[in-house]
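Me: I am new to this structure and would be grateful for a close look at a single part of it. Please describe how two of its helices pack against each other, and set that part in its surroundings.

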Protein chains: 2
Amino acid sequence: MTPHASPDDNQSAPEPGERRQVSRRGVLGIAGAGLVALGASAATGYAAGRRDPEPAPASRSYPLTGEHQPGITTPAQDRLHFATFDLLTDDRDDVVALLRAWTAAADRMMRGLPAGELGPTSGPYDAPPDDTGETEDLDASHLTITVGFGPSFFTDADGAPRFGLDGRRPALLEDLPHFPADALEDARCGGDIAVQACADDPQVAVHAIRNLARLAFGTASVRWSQLGYGRTSTTSTSQSTPRNLFGFKDGTANVKAEEPEALEQHVWVQPEDAGRRPDDATSSDPAPDDAWLAGGSYLVARRIRMTIETWDRSSLREQETVTGRTKASGAPLSGGDEHTEPDFSRTGRDDVPLIDPASHVALAHPSANGGARLLRRGYNYTDGSDGLGRLDAGLFFLCYVRDPARQYVPMQNTLARDDLMSEYLRHTGSGLWAVPPGLPDGSTTGGADGAYLGQTLFET
Amino acid sequence: MTPHASPDDNQSAPEPGERRQVSRRGVLGIAGAGLVALGASAATGYAAGRRDPEPAPASRSYPLTGEHQPGITTPAQDRLHFATFDLLTDDRDDVVALLRAWTAAADRMMRGLPAGELGPTSGPYDAPPDDTGETEDLDASHLTITVGFGPSFFTDADGAPRFGLDGRRPALLEDLPHFPADALEDARCGGDIAVQACADDPQVAVHAIRNLARLAFGTASVRWSQLGYGRTSTTSTSQSTPRNLFGFKDGTANVKAEEPEALEQHVWVQPEDAGRRPDDATSSDPAPDDAWLAGGSYLVARRIRMTIETWDRSSLREQETVTGRTKASGAPLSGGDEHTEPDFSRTGRDDVPLIDPASHVALAHPSANGGARLLRRGYNYTDGSDGLGRLDAGLFFLCYVRDPARQYVPMQNTLARDDLMSEYLRHTGSGLWAVPPGLPDGSTTGGADGAYLGQTLFET
């Protein structure tokens with residue numbers, strides 16, 4: 001996906017808040033400027049008349065359209081609001097209408113526009129506004145909105161199909177298995193639909209989820225949500241490597257946007273994947289009718305609490321041994337710099353490997369996982385404290401994979417069982433969603449004819 | 001307080017993350033550069049030798065010293081991590097040692113340095129690092145750290161003095177009264193010490209609280225903490241007005257740094273305030289020995305949850321009536337623009353006042369509160385959802401006042417009882433702390449002789 005702004009624009013992008021040059025009002029065009037003037041001079045009432053529904057994309061704006069959904073290979077933004085929704089309806093038409101409305105609103109918000117009109121322009125003043133307003137003075141802030149469907153979207157608790165989607169559920173879309181030492185909280189797991197909103201301003205990301213929730217009123221409600229404030233992944237070679245709350249660089253070895261072959265191999269569901277079942281499938285059921293997912297991906301979310309206070313009292317030696325990298329530079333303990341490939345064969349005194357075979361870098365490395373790689377897109381989180389004087393803080397792990405059963409599940413089994421780092425981690429939330437492909441270039445959104453996310457599932 | 005960076009520097013300040021030009025490493029000077037090189041080339045071990053303990057202040061850095069503590073009139077930064085701590089010790093020397101250690105670490109972190117050495121330079125490699133590391137590549141990001149002492153700092157639950165502070169508790173420092181419709185959660189109230197960390201990067205604010213908590217291990221532990229992601233106040237005329245989660249501009253009528261007389265009148269405790277008791281005091285106790293607080297202030301914190309979903313379904317008319325301002329421009333409903341003084345006498349059709357007398361702007365206005373003004377410094381918060389599909393979101397209200405009994409308490413009683421907005425609010429957390437004055441210009445911090453926050457309380 002190509003941002004409208006050049007990388008150089010990113011380098012000099014303004015800060016959140018008052019330093020913005022281009023605000024939502026700034027991109028509204030002449031009709032919008034009229035509204036501002038009226039709003040400033042009239043104590044009551046808003047101008048009738050429509051804003052331009054398709055303004056030129058503002059700076060710091062990504063398009064919604066493209067072969068794949070935005071927010072996957074997009075350079076990881078700084079802030080996250082992630083939410084899952086449960087559907088409250090049995091009616092397929094309601095679900096399609098919701099997806100249409102969400103797609104149109106996502107399209108607008110990603111352009112830096114309100115989700116709808118802030119003031120009623122064609123309805124009564126006594127109607128609620130069609131946007132909640134708190135980003136009215138902010139720009140698009142590189143907002144991306146990414147939508148996925150969970151196992152419970154397709155089948156109910158008894159395994160019966162929902163919304164007429166008989167046979168459409170991908171066989172790989174199963175609830176993740178129980179991993180060693182999982183400490184999952186039901187209120188942080190699953191959900192019929194997942195929505196990932198990423199932006200460089202948290203107010204923009206929260207606004208996006210809030211307005212989708214508002215549009216869903218009566219059709220779907222928020223199941224759980226999570227804020228992340230610091231990215232822990234690098235999805236483009238143009239980005240520097242951030243640090244997680246262990247204080248170590250994270251995301252050095254990620255699959256990146258500049259590796260098209262690796263993306264096809266590890267991230268995007270391919271046309272030939274249609275009908276595939278997990279390698280351990282024993283069922284005699286027919287292969288799933290899931291060609292609709294080609295060009296999509298699978299999203300894994302794990303809320304991983306770190307035992308911050310214990311970690312902070314461990315020695316630097318312990319921290320580096322557990323991680324397999326130095327804390328200062330992020331170089332593997334086998335030598336070099338951050339981007340040097342770890343050399344697991346290199347030994348030091350007494351022929352002891354410089355990188356512990358049970359370190360995180362050793363066990364997460366593709367060489368220990370049959371060549372499997374993930375596109376990670378995680379965020380640091382801090383959710384207050386836990387009543388025992390400990391911060392509830394850690395990593396909200398997100399990754400996109402072509403095949404969760406081959407790529408994520410075996411790796412997480414290994415890590416949960418053997419990784420030295422596991423002593424300092426507790427997985428408290430979890431979910432898996434199938435992420436449909438993007439909207440074809442040139443699509444228009446809105447109204448009864450607009451293109452919508454998930455259209456291939458319902459209409460092909 | 002004067003920032004080291006000019007306002008123009010603020011305008012073009014780089015974004016968080018990879019866009020930073022000046023990192024902590026960048027300000028470490030020659031010794032630091034050596035450490036980087038060593039960290040990059042050596043798999044184990046860190047250079048011996050001290051970093052420059054007093055580097056030139058980096059850009060985006062405020063000084064800790066000054067007549068008043070930083071973080072009050074400082075232009076409100078974009079992000080907040082607020083925490084309160086309870087003391088675990090009965091020993092006055094432990095408390096003074098903690099305040100010395102915190103002051104030295106705050107001084108370093110506000111300069112963009114680690115709280116201590118990332119790698120042990122004089123101790124064993126088998127010791128924990130003296131900084132947790134996650135801001136190693138970030139600059140100071142306008143970090144400010146502000147410390148206050150709650151009622152429970154001075155007296156225990158039985159009213160007996162702690163730490164030999166007999167008679168030193170200001171008479172105005174009392175737990176806030178119960179206000180109408182309070183829905184306080186004990187786990188979000190009070191605390192012996194409050195620490196407000198504000199910065200333009202959330203990772204920097206969280207890092208600051210975390211490292212103070214680490215330094216406090218065994219002496220004090222976190223009681224509760226709160227993240228805020230979007231400022232809702234304007235503390236300087238150089239800032240534009242942000243929006244709260246009702247979607248309205250907030251903080252228009254704040255006391256600002258450019259009003260020195262108003263600050264003396266409404267924010268800073270004056271020398272002549274020493275010994276004062278609340279107007280309704282009936283006790284025959286002697287006047288408190290609290291001259292130590294001159295130059296300080298009182299901090300009120302209120303966690304105010306907004307019933308977002310209800311608000312979002314209310315009409316624009318209702319929202320504007322409740323607020324008393326237009327949503328688009330923030331102008332009072334009596335006309336003009338955002339900065340026009342509201343005219344409560346102006347009427348419309350049928351002689352109905354254009355601004356409802358029970359609106360928020362009417363009841364919070366100084367004219368309805370005996371001229372009382374507050375220096376507000378609040379933040380938007382979103383803490384996930386509540387299990388019923390509703391976002392747990394709202395305003396983390398912070399304000400600084402010279403006299404909480406005259407300025408905050410009567411206003412909040414009026415608002416809680418009569419404000420139309422109260423229908424959409426629930427106060428879930430609360431606290432009051434006495435904020436001591438700043439460190440004299442030219443003070444040095446660190447070691448047994450360093451100046452420390454709270455020194456006037458313990459040593460005058």
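Reply: A residue counts as buried when its relative accessible area is under 20%. By that criterion, 61% of the 460 residues of chain A are buried in this predicted model. Chain A contains eleven helices and ten strands. Its accessible surface amounts to about 16,500 Å², and carbon and sulfur atoms supply 51% of that area. Among contacts in chain A with a separation of 6 or more, 76% join residues 24 or more positions apart.

The part to examine is a helix pair in chain A. Helix H3 of chain A spans residues 92–110, and helix H5 of chain A spans residues 202–215. Their axes lie 10 Å apart and form an angle of about 150°. Because angles over 145 degrees count as roughly antiparallel, H3(A) is described as roughly antiparallel to H5(A). The crossing of H3(A) past H5(A) is right-handed.

The contact can also be followed residue by residue. From H3(A), the participants are A:Leu98, A:Ala101, A:Trp102, A:Ala105 and A:Met109. From H5(A), they are A:His207, A:Ala208, A:Asn211, A:Leu212 and A:Leu215. Eight of the residues in this contact between H3(A) and H5(A) are nonpolar and two are polar, while none is charged.

Technical notes. Residues are numbered from 1 along each chain as its sequence is written. Chains are lettered from A and ligands numbered from 1 in the order in which they are written. This is a predicted model: local features need pLDDT of at least 70, side-chain atom pairs count only at pLDDT 80 or more; totals for chains, interfaces and linings use all residues. Side-chain values use heavy atoms; hydrogens and water are left out. Axes are lines fitted to C-alpha atoms, for helices over the stretch in contact, and angles run from 0 to 180 degrees between N-to-C directions. Helices (H or I, at least four residues) and strands (E, at least two) are DSSP runs, numbered from the N terminus. Angles under 35 degrees count as roughly parallel, over 145 as roughly antiparallel, 65 to 115 as roughly perpendicular and the rest as oblique. A crossing is left-handed if the near helix is turned anticlockwise from the far one by less than a right angle, and right-handed if clockwise. Contact means heavy atoms within 4.5 Å. Ala, Val, Leu, Ile, Met, Phe, Trp, Tyr, Cys and Pro count as nonpolar, Asp, Glu, Lys and Arg as charged, and the others, Gly among them, as polar. Buried means under 20% relative accessible area, exposed over 50%, partly exposed in between (1.4 Å probe, protein chains only). Accessible areas come from the Shrake-Rupley method with a 1.4 Å probe; for residues, only the protein chains shown count as cover.
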